[in-house]
Amino acid sequence: MNNTGVLVVSATREEAAHVPDGLDLVVTGIGKVASAVAVTRALAQYPAERLPLVVNIGTAGALHAHHGGLYVPSAVLNHDFSSEVLRSLGYPVRDVIDLEGGDGTVLATGDSFISDAEVRDALAARADLVDMEGFAIAFACAQLGAPCRLVKHVSDHADDSAMDWPTQVDASARVLADWLRDAL
């Protein structure tokens with residue numbers, strides 16, 4: 001562990017390919033379960049009174065045509081969770097997490113890879129961006145009391161262009177690394 005007080009979290013090695021040296025890095029794997037477990041495991045290695053700022057870097061699909069570039073969401077929601085049904089049955093659920101220091105955008109997280117324009121348009125009524133890890137990372141941090149920031153770079157428009165993600169990820173990784181150098 002480093003002494004910077006920052007833990008960088010990425011779903012894939014490709015998204016973290018250009019993270020500056022000297023920062024703690026956890027590569028979680030893709031999806032909510034893998035990322036929640038990896039972040040929880042990593043935070044358990046720190047003293048409870050000195051939890052780092054967790055910075056989740058990664059790519060995201062834009063849910064609106066005018067979105068592109070880098071975003072630091074102010075809220076993240078769990079989009080593929082049956083919140084309304086569970087609430088109607090009397091079970092409280094947390095499916096939205098507000099994040100400090102954001103830019104006003106909303107990130108939707110789910111385990112589904114969004115590459116269908118119809119699904120994208122339905123999500124666009126609730127959010128600006130979509131990914132597969134952000135909510136789980138923010139939830140793990142909230143449960144353990146660690147501060148969290150999500151930093152996402154648009155790699156596609158959550159339609160058939162998403163299938164080109166492998167060729168776009170390095171450009172996003174470079175932008176995310178620049179943000180880390182400038183912001184931390």
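A residue counts as buried here when its relative accessible area is under 20%. In this predicted model, histidine 67 comes in at 8%, so it is buried. Histidine 67 sits in the loop between S3 and S4. Leaving aside residues up to four places away in sequence, the contacts of histidine 67 are Ala62, Asp128, Val154 and His157.

One of those partners, aspartate 128, is worth following up. Aspartate 128 belongs to the loop between helix H3 (117-124) and strand S8 (129-131). With a relative accessibility of 16%, aspartate 128 is also on the buried side of the cut-off. Its contacts, again not counting residues up to four places away in sequence, are Gly61, Ala62, Leu63, His64, His67, Gly104, Thr105 and Val106. For valine 106 there is a polar contact to point to: its backbone nitrogen lies 2.7 Å from a polar atom of the aspartate 128 side chain. As for aspartate 98, it is 30 residues from aspartate 128 in sequence, and the two C-alpha atoms are 14 Å apart in space.

Next comes a backbone oddity. Most residues other than glycine have a negative phi. Alanine 158, though not a glycine, has a positive phi of about 50°. This alanine is in the loop between S9 and H5, and its relative accessibility is 0%, so alanine 158 is buried.

On the far side of that loop is H5, a helix of 19 residues covering 165-183. From first C-alpha to last, H5 reaches 26 Å, close to the 27 Å expected at 1.5 Å a residue. The buried residues of H5 are Trp165, Val169, Ser172, Ala173, Leu176, Ala177, Trp179 and Leu180. What do they pack against? The buried residues of H5 are in contact with four strands: S1 (6-10), S3 (53-62), S4 (70-71) and S9 (148-156).

Finally, the cysteines. The structure holds zero disulfides. Cysteine 141 is in none, and the nearest cysteine sulfur, that of cysteine 148, is 4.1 Å away. A disulfide needs the two sulfur atoms within 2.5 Å, so at 4.1 Å from the sulfur of cysteine 141, its closest, the sulfur of cysteine 148 is too far for a bond. Both residues are tucked out of the solvent-accessible range by the cut-off used above: cysteine 141 is buried at a relative accessible area of 1%, and cysteine 148 is buried at 12%.

How values were computed: Residues numbered from 1 in each chain as written. Predicted model: local features only at pLDDT ≥ 70, side-chain atom pairs only at ≥ 80, totals over all residues. Heavy atoms only, no water. Helix = DSSP H or I, 4+ residues; strand = E, 2+ residues; numbered from the N terminus. Expected span 1.5 Å × (residues − 1). Buried < 20%, exposed > 50% of the residue type's maximum accessible area, 1.4 Å probe, protein only. Contact = heavy atoms within 4.5 Å. Polar contact = N/O pair within 3.5 Å; in protein donor to acceptor, adjacent residues only side chain to side chain.
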